[in-house]
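The exercises below are meant to be worked through with the sequence and the 3D structure open side by side. Try each task before reading the solution that follows it.

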Amino acid sequence: MHIGIETQEIKMVFNNLGFWTKFHSIANIIALIFGCIVYIFKKGDLIHKQLGYVFATFMSLAQVYSFLMNKNDYNALHILSLLTLYWIYDGIHVVQDKHKHADWLSRHVKSMSSAFISIIIAGFGVIGRHSEFCVNTGIHWLYFMLFGALITIPLLNWYIYSLKLDVDCGKYKM
């Protein structure tokens with residue numbers, strides 16, 4: 001039984017995607033890569049800020065493209081797109097106006113982490129929506145989204161908690 005995906009199959013699937021779907025897919029992949037990198041680097045320095053803006057830009061583009069590629073065919077993923085746009089806006093806004101917000105760091109971390117979680121949850125939803133497993137078993141693709149949430153949310157909550165401890169101990173100068 002062969003369960004691997006061949007390069008030719010990936011090319012065939014990508015070539016059959018619509019114009020906006022290709023941009024949406026590429027923007028999501030770039031956002032996911034930069035989101036992972038942002039989580040690895042030290043928080044608050046220039047590299048974190050620059051990579052964070054790249055992450056936010058590509059996440060925002062991916063969300064806008066999600067509406068362009070599915071005109072009048074909206075689903076639960078589009079609710080997630082709207083939430084993600086809000087989280088990105090909030091995560092950047094509170095940092096830019098941190099003198100107005102006493103809880104700016106907490107809001108920034110929660111908003112940007114929520115945006116990052118959303119790309120993973122949506123990815124699970126897309127995989128579920130297009131997988132043979134769901135088609136053959138009749139399992140709804142929203143269960144794949146739920147599975148993605150059950151995996152990523154606890155992991156990122158643990159990460160946020162450990163980051164909070166580092167900030168409280170003075171490891172990061174925000």
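**Exercise 1. Find the element in which isoleucine 151 lies, and decide whether this residue is buried, partly exposed or exposed.**

Solution. Bear in mind from the start that this is a predicted model. Isoleucine 151 belongs to helix H7, which covers residues 142–168. Its relative accessible area is 34%, and since buried means under 20% and exposed means over 50%, isoleucine 151 is partly exposed. As a further step, look for isoleucine 121, which is 30 residues away along the chain, and note that the C-alpha atoms of isoleucine 151 and isoleucine 121 are separated by 9.1 Å.

**Exercise 2. Describe the overall make-up of the protein: how many helices and strands does it have?**

Solution. The protein contains seven helices and zero strands, so that, read from the N terminus on, its elements follow the order α-α-α-α-α-α-α. Of its 174 residues, 36% count as buried. The accessible surface of the protein is about 11,200 Å², and carbon and sulfur atoms account for 68% of that area. Among the contacts with a separation of 6 or more, 61% join residues that are 24 or more positions apart.

**Exercise 3. Check whether the end-to-end distance of H2 agrees with its number of residues, and then work out how H2 is oriented relative to H3.**

Solution. Begin with the span: H2 has 22 residues, which at 1.5 Å a residue should cover 32 Å, and because its end C-alpha atoms are 33 Å apart, the two values agree. Next take the packing of H2 (residues 19–40) against H3 (residues 46–69), where the axes are 8 Å apart and the angle is about 155 degrees. That angle makes H2 roughly antiparallel to H3, as angles over 145 degrees count as such. The crossing of H2 and H3 is left-handed. Finally, the buried residues of H2 include Thr21, His24, Ala31 and Tyr39.

**Exercise 4. Repeat the analysis for H3 and H4, and name residues that make the contact.**

Solution. The axes of H3 and H4 come within 9 Å and cross at roughly 150 degrees, which makes H3 roughly antiparallel to H4. The contact involves, among others, Tyr53, Ala56, Met59 and Phe67 of H3, together with residues of H4 including His78, Ser81, Thr84 and Ile88. The crossing of H3 and H4 is left-handed. For the span of H4 (residues 76–96), its 21 residues at 1.5 Å each should cover 30 Å, and its end C-alpha atoms are 31 Å apart, which agrees. Among the buried residues of H4 are His78, Ser81, Thr84, Ile88 and Val94.

**Exercise 5. Compare where valine 94 and histidine 101 are placed, and list which residues each of them touches.**

Solution. Valine 94 is in helix H4, whereas histidine 101 sits in the loop between H4 and helix H5 (104–130). Valine 94 counts as buried, its relative accessibility being 0%, and histidine 101 also counts as buried, at 17%, because the cut-off lies at 20%. Leaving aside residues up to four places away in sequence, valine 94 touches His101, Trp104, Arg107 and His108, while histidine 101, with the corresponding neighbours left aside, touches His93, Val94 and Arg107. To complete the picture, valine 94 and leucine 105 are eleven residues apart in sequence, and their C-alpha atoms are 7.8 Å apart in space.

Methods
Residues are numbered from 1 along each chain as its sequence is written. This is a predicted model: local features need pLDDT of at least 70, side-chain atom pairs count only at pLDDT 80 or more; totals for chains, interfaces and linings use all residues. Side-chain values use heavy atoms; hydrogens and water are left out. Helices (H or I, at least four residues) and strands (E, at least two) are DSSP runs, numbered from the N terminus. Buried means under 20% relative accessible area, exposed over 50%, partly exposed in between (1.4 Å probe, protein chains only). Contact means heavy atoms within 4.5 Å. Accessible areas come from the Shrake-Rupley method with a 1.4 Å probe; for residues, only the protein chains shown count as cover. The expected span of a helix is 1.5 Å times one less than its number of residues. Axes are lines fitted to C-alpha atoms, for helices over the stretch in contact, and angles run from 0 to 180 degrees between N-to-C directions. Angles under 35 degrees count as roughly parallel, over 145 as roughly antiparallel, 65 to 115 as roughly perpendicular and the rest as oblique. A crossing is left-handed if the near helix is turned anticlockwise from the far one by less than a right angle, and right-handed if clockwise.
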